Amino acid sequence: MRLDKFLAEASVATRTLMRTYIKAGYVTVNGEVVLIPEFEIDEHNDIIKYQDLQITHTVKQYYMFHKPGGCITARQDANCKTVLDYFDTVNTNALFPVGRLDKDTEGLLFLTNDGTFGHHLTQPGKNVMKKYYFWALGSLNEDAEKRLKEGFRIEKEGSITRPATINVISVGRYQEFKNEIEEVVSINQKRLGQQPVISGYLTISEGHKHQVKRMLRAVGCGVIYLKRISIGEIALDLSLEKGQFRTLTELEVCTLMGRVPIANTENDKN
Ligand code: URA
């Protein structure tokens, strides 16, 4: 592997900066200063140091996972299946879920070993939009939609929610949507026949515990099914069945991080 690529992948600095640092003599390979960014190293056996700090080879992992209901968003749990249990074919030593979905929530979840990536997507200030599809018992009047769109106080002591986007898809009685609803959720439908139901998309930029359920509950709708379908610009891959995952492409990672893919920079000759 090329020396500059190795150091950039280890997050020492960007590839461009790394080339400058190598040429400036900050990097040694097996004790010898190497001034050539393209220098080929054996990343598993050579000892690479940047300003006397040994750099180990870490392969960054980024996955898109279609979380099924019934598993918890944690690395491990004594009693319950976790999202990590679905990753039996990859090295999960440093893998962690980015943000969390409730046990009964399905849909898009990223897992990574890259702390910067995780931090970027969950930091409140970054305002990353998350879109959810829901079914709920209840209905939304104009005032409720306005409150969701403009932001409102869910709990007496709580802060005001950030403006959300609400797109209602179906409104009616449980009976009318019975088949659609029961495809995604198994609930005791006795006496639900004439209950008002609503489905739609709610897009929010916050990530507080049970945020969607709490927001909808506060305007009179009890969520019975919730699925996250996108985070930022990246939507859940429709070819992923529940419980399946795939590697995120470099373009997807860069899109989520708001940066240009390394492959598109003039420094990527490899
Ligand atoms: N909001 C919720 O209420 N639950 C989730 O799992 C995610 C967002």
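**Exercise 1. Domains**

Task: State which domains the protein is divided into, and describe how domain 2 and domain 3 are placed relative to each other.

Solution. The protein is divided into domain 1 (3–55), domain 2 (62–124 + 234–257) and domain 3 (129–231). The model is a predicted one. Domain 2 is written as two segments, 62–124 and 234–257. Next, take the centres over C-alpha atoms: those of domain 2 and domain 3 are 23 Å apart. Finally, look at the contact itself, to which domain 2 gives 17 residues and domain 3 gives 12 residues.

**Exercise 2. Helix 3 against helix 7**

Task: Classify the crossing of helix 3 and helix 7, and describe the residues in their contact.

Solution. Step one is to locate the helices: helix 3 covers residues 115–122 and helix 7 covers residues 250–257. Their axes come within 10 Å and cross at roughly 50 degrees. Step two is the class. Angles under 35 degrees count as roughly parallel, and those from 65 to 115 as roughly perpendicular. The two helices are therefore oblique to each other.

Step three is the contact. Helix 3 contributes Thr116, Phe117, His120 and Leu121, which meet Val253, Leu256 and Met257 of helix 7. By type, the residues of this contact are five nonpolar, two polar and no charged.

**Exercise 3. The surroundings of helix 7**

Task: Find which residues of helix 7 are buried and what they pack against.

Solution. The buried residues in helix 7 are Glu252, Val253, Cys254, Leu256 and Met257. For Cys254 the relative accessibility is 2%, so this residue counts as buried. The buried residues of the helix pack against helix 3 and several strands, namely strand 5 (62–67), strand 7 (106–112), strand 11 (222–231), strand 12 (234–235) and strand 13 (245–247). After helix 7 comes Gly258, with a positive phi near 70 degrees.

**Exercise 4. Cysteines**

Task: Determine how many disulfides the structure holds, and check Cys71.

Solution. A search of the whole structure gives zero disulfides. For Cys71, the nearest cysteine sulfur belongs to Cys80 and is 7.4 Å away. A disulfide needs the two sulfur atoms within 2.5 Å, and Cys71 is in no disulfide. Cys71 has a relative accessible area of 1% and is therefore buried.

**Exercise 5. Positive phi outside glycine**

Task: For Gln51 and Asn127, give phi, the loop, and the exposure class.

Solution. Begin with Gln51. Its phi is positive, near 45 degrees, although the residue is not glycine. Gln51 sits in the loop between strand 3 (48–50) and strand 4 (53–54). Its relative accessibility is 47%, so Gln51 counts as partly exposed.

Turn to Asn127. This residue, also other than glycine, has a positive phi near 55 degrees. Its loop runs between helix 3 and strand 8 (130–137). With a relative accessible area of 39%, Asn127 is partly exposed.

**Exercise 6. Gln61**

Task: Is Gln61 buried or exposed, and which residues does Gln61 touch?

Solution. Gln61 lies in the loop between strand 4 and strand 5. The cut-off for buried is under 20% relative accessible area; Gln61 has 13% and therefore counts as buried. Leaving out residues up to four places away in sequence, Gln61 touches Asn91, Leu95, Leu111, Thr112 and Asn113. As a last step, compare Gln61 with Leu216: 155 residues separate them in sequence, and their C-alpha atoms are 35 Å apart.

Technical notes
Residues numbered from 1 in each chain as written. Predicted model: local features only at pLDDT ≥ 70, side-chain atom pairs only at ≥ 80, totals over all residues. Heavy atoms only, no water. Axes fitted to C-alpha atoms, helices over the stretch in contact; angles between N-to-C directions. Helix = DSSP H or I, 4+ residues; strand = E, 2+ residues; numbered from the N terminus. Parallel < 35°, antiparallel > 145°, perpendicular 65-115°, else oblique. Contact = heavy atoms within 4.5 Å. Nonpolar A, V, L, I, M, F, W, Y, C, P; charged D, E, K, R; others polar. Buried < 20%, exposed > 50% of the residue type's maximum accessible area, 1.4 Å probe, protein only. Domains from an automatic or database assignment.
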